[in-house]
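Subject: The structure we talked about

Hi there,

Here is the structure I promised to pass on. Please have a look at it first, and then read on for what I found.

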Amino acid sequence: ARVGKAARDGVKSLGLSVFADERYASNTVTSVATPPTVDTKKLLKLMREEHKVVLAGGQGALEGKMFRIGHLGLVTEGDIKAVISALKVALPQAGFTPK
C-alpha cells in the first residue's frame with residue numbers, strides 16, 4: 001500500500017493524472033493517463049533504453065492513452081522514486097509540457 005501510494009503521489013507531482021479512480025487504487029500497479037501531447041510509445045522506449053526502466057503501455061482501446069507502473073513484489077519506495085526521476089527526464093522528450 002505504501003509503495004502504491006508513493007507511485008500515485010509521484011505521478012501527480014509530475015503534473016500527470018492517475019488513470020483509474022483513486023478510490024479503487026491498486027497496491028500492485030498504477031495506471032497513468034498519458035496527456036494528448038505525449039507519444040506513449042516514445043516515452044516507453046526512452047524509459048527502457050535510456051533509463052533501464054520498463055513500464056507497460058495500455059492495451060486494446062487504451063493503447064497510447066495510458067501507461068502502467070508495476071509495483072508488485074519486492075519493490076521499494078526508493079525504486080518508485082527512481083522511476084519518477086526517470087519520468088521527469090523522459091516525459092519532456094516525449095512531448096510533455098507541464099501545466
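A residue is called exposed here when its relative accessible area is over 50%, and buried when that area is under 20%. Please also keep in mind that this is a predicted model.

With that cut-off in hand, let me begin with S13. Its relative accessibility is 56%, so S13 counts as exposed. S13 belongs to helix α1, which covers residues 2-13. The side chain of S13 reaches back to the backbone oxygen of G10, at 2.6 Å. There is also a long-range relation to look at: S13 and K88 are 75 residues apart along the chain, yet 9.7 Å separates their C-alpha atoms.

Now to α1 as a whole. Its 12 residues should span 16 Å at 1.5 Å a residue, and the end C-alpha atoms are 16 Å apart, which agrees. Which residues of α1 are buried? They are V3, G4, A7, R8, G10 and V11. These cover an arc of only 160° around the axis, which puts them on the same side of α1. The face turned away from that buried side carries the exposed residues R2 and S13. Among the elements that cover the buried residues of α1 are β1, β2, β4 and α3 (77-93). After α1 comes G15, which has a positive phi, near 90°.

Next, the sheet. It is an open sheet of four strands in the order β1-β2-β4-β3, and the pairing is antiparallel. The edges are taken by β1 (17-18) and β3 (56-57), each with a single partner strand, so one side of each has no neighbour in the sheet.

Going through the pairs:

- β1 and β2 run antiparallel and are joined by two bridges; S17 has A33 in β2 as its bridge partner.
- β2 (residues 29-33) and β4 (residues 66-70) run antiparallel and are joined by five bridges. Along this pair, V29 is partnered with G70, S31 stands opposite R68, and V32 stands opposite F67.
- β3 and β4 run antiparallel and are joined by two bridges; here G57 stands opposite F67 of β4.

F67 therefore turns up twice, facing V32 of β2 as well as G57 of β3, in keeping with an order in which β4 sits between β2 and β3.

Then there is helix α2 (residues 40-51), which lies across β3 and β4 and runs at about 30° to β4. At 1.5 Å a residue, the 12 residues of α2 should span 16 Å; the end C-alpha atoms are 15 Å apart, which agrees. The buried residues in α2 are T40, L43, L44, L46 and M47. Viewed down the axis of α2, they fall within an arc of 160°, so they line one face of the helix. What do the buried residues of α2 pack against? Their partners are β3, β4 and α3. At the start of α2, a side-chain oxygen of D39 comes to within 3.2 Å of the backbone nitrogen of K41.

The other end of α2 deserves a look too. Most residues other than glycine have a negative phi. K52, just after α2, has a positive phi of about 60°, although K52 is not a glycine. K52 is in the loop between α2 and β3, and at 67% relative accessibility it counts as exposed.

Last, please look at H71, in the loop between β4 and α3. Is H71 buried or exposed? With a relative accessible area of 4%, H71 is buried. Its side chain makes a polar contact of 2.7 Å with the side chain of T30. Leaving aside residues up to four places away in sequence, H71 touches V3, G4, A7, S26, N27, T28, V29, T30 and I80. Three of the names in that list, V3, G4 and A7, are also among the buried residues of α1.

If you open the model, I would start at H71 and then move on to the two helices and the sheet.

Best wishes

Definitions and conventions: Residues are numbered from 1 along each chain as its sequence is written. This is a predicted model: local features need pLDDT of at least 70, side-chain atom pairs count only at pLDDT 80 or more; totals for chains, interfaces and linings use all residues. Side-chain values use heavy atoms; hydrogens and water are left out. Buried means under 20% relative accessible area, exposed over 50%, partly exposed in between (1.4 Å probe, protein chains only). A polar contact is a pair of N or O atoms within 3.5 Å; within protein, one must be able to donate a hydrogen and the other to accept it, and residues adjacent in sequence count only if both atoms are side-chain atoms. Two strands pair if DSSP finds at least two bridges between them. Contact means heavy atoms within 4.5 Å. Axes are lines fitted to C-alpha atoms, for helices over the stretch in contact, and angles run from 0 to 180 degrees between N-to-C directions. The expected span of a helix is 1.5 Å times one less than its number of residues. The arc is that of the directions from the helix axis to the C-beta atoms.
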